[in-house]
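Colleague: Hi! Could you walk me through this model?
Modeller: Happy to, here it comes.

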Amino acid sequence: MHKIILEEDDKPLVEHQRRLNEAMQEVLACCEETNLVLNWEKCYFMVEEDIVLSHKIYKNGIEVDKAKIEVISKLPPPSFVNGVRSFLGHAGFYRRFNKHFSKVVKPLCKLLEKYAKFFFNEDCMKAFELLKYKLTNTSIITAPN
């Protein structure tokens, strides 16, 4: 929202930039009052785009980071238990964003059971490919409405 001030014999004036600067000053003043020390190398003010949780966020929307997509899409199926554990650890970070995550990973989790033999069957392959697809194509972060 923009505040538009109209006075007699004046042209319309939009004050959105001034309000933004005032808000920044207020935040910095609060930091000073509480003796909070800011590392200026890690502070981003007025950033137009950035990468958060492997997603490129910019003024026109949100998209998956292309570099991350390429790495995940080229992953070969795991051939050992440690490979499955590593892949599930990475995918598990996004579990709350993927509907029915536990149902999808069930065949892969069976490979991690204590006395289970490692047999990467067709169900495991389907689960692996579906997770790769969900990690590279679905929106993890959605813009607020």
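Colleague: Which helices help cover the buried residues of H4?
Modeller: Among what covers them are helix H3 (81–92) and helix H5 (122–137), where contact means heavy atoms within 4.5 Å. Helices here are DSSP runs (H or I, at least four residues), numbered from the N terminus. This is a predicted model, so local features need pLDDT of at least 70 and side-chain atom pairs count only at pLDDT 80 or more, while totals for chains, interfaces and linings use all residues. Residues are numbered from 1 along each chain as its sequence is written, and side-chain values use heavy atoms, with hydrogens and water left out.

Colleague: And which residues of H4 are buried?
Modeller: In H4 (residues 101–110), they are Phe-101, Val-104, Val-105 and Leu-108. Down the axis of H4 they fall within an arc of 85°, so they line one face; the arc is that of the directions from the helix axis to the C-beta atoms. Buried means under 20% relative accessible area, exposed over 50%, partly exposed in between (1.4 Å probe, protein chains only).

Colleague: What about the other side of H4?
Modeller: Lys-103 and Lys-106 are exposed there.

Colleague: New topic: how many salt bridges does the structure hold?
Modeller: Two, each a side-chain nitrogen of Lys or Arg within 4 Å of a carboxyl oxygen of Asp or Glu. Glu-122 pairs with Lys-126, closest N and O atoms 3.6 Å apart, and Lys-132 pairs with Glu-129 at 3.8 Å.

Colleague: Is Lys-132 buried or exposed?
Modeller: Lys-132 counts as buried, at 9% relative accessibility, and Glu-129 is partly exposed at 34%. Glu-122 and Lys-126 are both exposed.

Note on methods: Helix = DSSP H or I, 4+ residues; strand = E, 2+ residues; numbered from the N terminus.
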